[in-house]
Amino acid sequence: MATTTQHRTTTIFSFFLLFISLFKTLTLNPPFSPQPQPQSPNYIIGFTQYKTADHHRAYLESNLQSKGWHWIVRKNPASKFPTDFGVVSVNELGVIEEIKKLGLVKYVSLDMSYKRGLMKHRNDKVGSFVDGNKRPGKIFTRMSFCDAEEQEDDFVKRNDSIKLGRELLIQRSQVTSMFGAEELWTRGYTGAKVKMAIFDTGIRADHPHFRNIKERTNWTNEDTLNDNLGHGTFVAGVVAGMDAECLGFAPDTEIYAFRVFTDAQVSYTSWFLDAFNYAIATDMDVLNLSIGGPDYLDLPFVEKIWEITANNIIMVSAIGNDGPLYGTLNNPADQSDVIGVGGIDYSDHIASFSSRGMSTWELPHGYGRVKPDVVAYGRDIMGSKISSGCKSLSGTSVASPVVAGVVCLLVSVIPEPDRKNILNPASMKQALVEGAAKLAGPNMYEQGAGRVDLLESYEILKNYKPRASIFPSVLDYTDCPYTWPFCRQPLYAGAMPVIFNASILNGMGVIGYVESPPTWHPFEEVGNLLSIHFTYSEVIWPWTGYLAIHMQIKEEGAQFSGNIEGNVTLRVSSPPAQGERRPQISTCVLQLKLKVVPTPPRAKRILWDQFHNIKYPPGYIPRDSLDVRNDILDWHGDHLHTNFHIMFNMLRDVGYYVETLGSPLTCFDARQYGTLLLVDLEEEYFAEEIEKLRDDVINTGLGVAVFAEWYNVDTMVKMRFFDDNTRSWWTPVTGGANNPALNDLLAPFGIAFGDKILSGDFSLFGEENRYASGTDIVRFPRGGYVHSFPFSDSSESGATQNVLLTSSTTKADSPILGLTVMGEGRIAVYGDSNCLDSSHMVTNCFTLLKKMLDFTSENVRDPVLFSNSNKQDTPLYEDDNQLPSRRTDVNFSSYSAVIGKELICRTDTRFEVWGTKGYSLQVRGRNRRLPGYPVIDLGNGFNSTYDVSNIRHSKVTLRNKDDSLGNRYLGLFYGDELDVPMLVGSHWLIYVSLCLSSYRYLTIELLAHSPKETSKKERIKLWQIVQFIVQYQH
């Protein structure tokens, strides 16, 4: 009776805890809480011709059958000029598709909005997301300016002498004197007759610091021309202020203030488009834009920037304040036709806030461009206050008007009748980058060409003749650290091609053509060991293009050690200049000095999978650490040379050579690599990739190291938000990683990740580590080594369970690290990648990474990782219906390079497989083959390809959550020893490279057809009988 009472008490207490849990869930996260009601969205309709707004409106009215749209009248100074777009409000489904089909419609795009706010403190930077919630406006990055005195914690790292020197420097000089502006002033150059457009928060007409405010225009929905925030006034003061305390560079410049931001710091793409059109119509010379964000796919905005520069307006823009992180360039400063400006302090150090390159438009198949273009002082810069007086601000949007002021001063150097013939966005950028002073210490993705040098650029422009050039013009592997990452890893035979992406600057005309393919001219005979291919812009517009060089060392250079030097040349032509008949021709030169070493041993070579990474934009790809509430998008590129650059440097320091694969897994030769490194991947996999990787590991001895991330559908659903600027719901298209896809890739090895979201601290190798929103391992083979630690589960399903835990209950151990041997190869998996990613890293796990690679590449077993206490006597196994499932409410094909796409090896792979499906399934080592797989004649090996359709019984089934077939077998069938694999073959029959008997076949059939309800324990017992029979036969 006492037992019964105790049981009832326990039951009642459990129900009480459950009630508390449900109460908290319903009150803290009410399922039926009021949601923002979607409004009728506004769309920008781009037309192929410039016509009056009334003409475009009449065209739509006469050609659209549907009446579910409304033309929005835009009343601003541009309305008296022809336009190439209109804005409509849509309240009926199908209207947009009908509009897209019209012959004179160029594009249809949602009217995005920009949102900017002041940074009040370095550690309280306000962006588009606050505590995980979306603020009104277009997605933007960290703000581009802040009060200098509020960032004093940035100076803690500096010593007192540097501080004192900087303070004395500020006291005795203006920023203008730092560039020698007085020398040009004394020669009579003060920015006269230069039309400067400042796109910002406006300016007051009677401000005493300006002598030449020509026009103020308002493009917002507020009825004022004044600056009520102070940012536009400050920017104008840096360019053209006259106050003795805060002098501008070009005091006689004509200021045209475009008020494109409201007092709430909101702006819409359509406002910018109208303002840009007006700048074109009124023939501006220079335009400063101190805003930016990660969305380089806002097509109307990006195309209008091209049109601005095509109309010979020199645009200067801030590169962003998301430093010191790499891969954080802001648009439009990351465009090649725009002068992108980074920030430095008065000691010529890169400012910590200044965003770093490379550009990420080109990923995953190519390689980013060098940005910023130049850097300028952006710390403690003096400028004008709203009404009068001066103040000090810091940020790249302060560095941007510094360069814009320099540009205005340089424009005034050229006589007014000749300006449009000589000056353009390309020639001005040539003068700036060629005249810049390269700084000692920062690399090219931090400083671009270096610090702006006004007087050197003046000398270049004074005698300028229109020409084309390449930027950067030199790639020197011996110039470290400037040419990082190239100088950190030499070339060698057999490697993936190293890609260097340079910009072509064409000062001869807005349009140009590459006359013939680029040519490699080695200085010495050894230069012929370099095999070089090119991809480039055949048409250069507007003013700029790209030249990507793909470099490999030929096989005969496998033992060569030394330098290879030479030039790459290409000829650019442009239409005849005014008054001329012949086309303009210019020869561009890119100097190469490359370091080459003998091909490293296979065990020291790692291949990084870039192809299976998806980033924002175009989709809502969520952050990896859910603890980071103010930066919810994964937009830094996930590249070895962006947010994984610290890890790259570490791997090079310990002797590993790391190469990048931007194409499917069929496009590399596994015989060349010790380990394939898969980190934080969101993409799906072709069936051929899964088949080839299985063969690469089992028969070729390839090692695989996997760093996964969280994936939980319920949590993803909760993370969706209503975006007021696009007037639509945004929902994550995947988790931190695409674990269902990873599980398909790892299924042949009996490994799978779960859907928990684990966080906590743990100790390994005597180091404290942070597990930040990682996942758990739910399948792992017998004989492998698994490490578990106590963590809390913050997933939606785990949250309820956590509430039920009493204070005396310890957190449940979760398996997060596993290591095992698979045939000739080895596999190591870990459930979190934040410890490798410099974006939001709390603690690094470089020691763990190194020991994992030592195992996967060289079979070096650390005693901590391979303790007998961690060896799995029985496999970890979870039924298929418990594994993470794919979202069915998301059209993943819109963001995928796999779903609905063709498998093809692109120009980032070895030259011999360009345009093919890649390498065949290789049969090596012990001459094993998988069940149902024919032995393939390798032929020439390297150049072999295969047609999957001709291989029977080899199809890999991609399983969804509701597939029950996998429940009819134990996918983790391994012998007692770690290096004896049992693989799941076609039709779920298990292939064993041992003598088989009819008893074993009978047992396998029992397993394959056992009912779904068969208990896990019974099926494990059944498989142990199989193991006994096999061992008995030997």
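Contact, in this tour, means heavy atoms within 4.5 Å. Helices (H or I, at least four residues) and strands (E, at least two) are DSSP runs, numbered from the N terminus.

The model is predicted: local features need pLDDT of at least 70 and side-chain atom pairs count only at pLDDT 80 or more, while totals for chains, interfaces and linings use all residues. Residues are numbered from 1 along each chain as its sequence is written, and side-chain values use heavy atoms, with hydrogens and water left out.

**The whole chain**

Display the full chain, in which 22 helices and 44 strands are found. Of its 1034 residues, 61% are buried, where buried means under 20% relative accessible area, exposed over 50%, and partly exposed in between (1.4 Å probe, protein chains only). Among contacts between residues at least 6 apart in sequence, 78% join residues at least 24 apart.

**Helix α18**

Select residues 739–746, helix α18, where eight of the eight residues are buried. These are Asn739, Pro740, Ala741, Leu742, Asn743, Asp744, Leu745 and Leu746. Next add the elements that cover them, including β31 (675–679), α16 (687–700), β32 (703–707), β35 (752–753) and β42 (825–830).

**A four-stranded sheet**

Move to the open sheet with strand order β2-β3-β1-β4 and antiparallel pairing; two strands pair if DSSP finds at least two bridges between them. At its edges are β2 (69–72) and β4 (105–110), each of which pairs on one side only. On average, neighbouring strands here are turned by 30° against each other, direction ignored. Select β1 (residues 42–51) together with β4: five bridges join this antiparallel pair. Within it, Ile44 stands opposite Ser109 of β4.

Two helices can now be added to the view. Axes are lines fitted to C-alpha atoms, for helices over the stretch in contact, and angles run from 0 to 180 degrees between N-to-C directions. Helix α2 (residues 53–63) lies across β1, β2 and β3 (83–90), at about 110° to β1. Helix α9 (residues 299–310) lies across β1, β3 and β4, at about 125° to β4.

**A helix pair**

Select α12 (residues 425–435) and α14 (residues 454–462), whose axes come within 8 Å and cross at roughly 135°. The two helices are therefore oblique to each other; angles under 35 degrees count as roughly parallel, over 145 as roughly antiparallel, 65 to 115 as roughly perpendicular and the rest as oblique. On the α12 side, Ser427, Met428, Ala431, Leu432, Glu434 and Gly435 meet Glu456, Ser457, Ile460 and Leu461 of α14.

**Backbone details**

Most residues other than glycine have a negative phi, and most peptide bonds are trans. Go first to the Asn331 to Pro332 peptide bond, which is cis with omega near 15°; Pro332 lies in the loop between β14 (314–318) and β15 (339–344). Then select Trp484 and Pro485, joined by a cis peptide bond with omega near 5°. Pro485 belongs to the loop between β20 (474–476) and β21 (498–506).

Gln265, in the loop between β11 (254–259) and β12 (266–268), has a positive phi of about 65° although it is not a glycine. Its relative accessibility is 14%, so Gln265 counts as buried. Finish at Asp283, in the loop between α8 (269–281) and β13 (286–289). This residue, other than glycine, has a positive phi near 60°. Asp283 counts as partly exposed because its relative accessibility is 41%.
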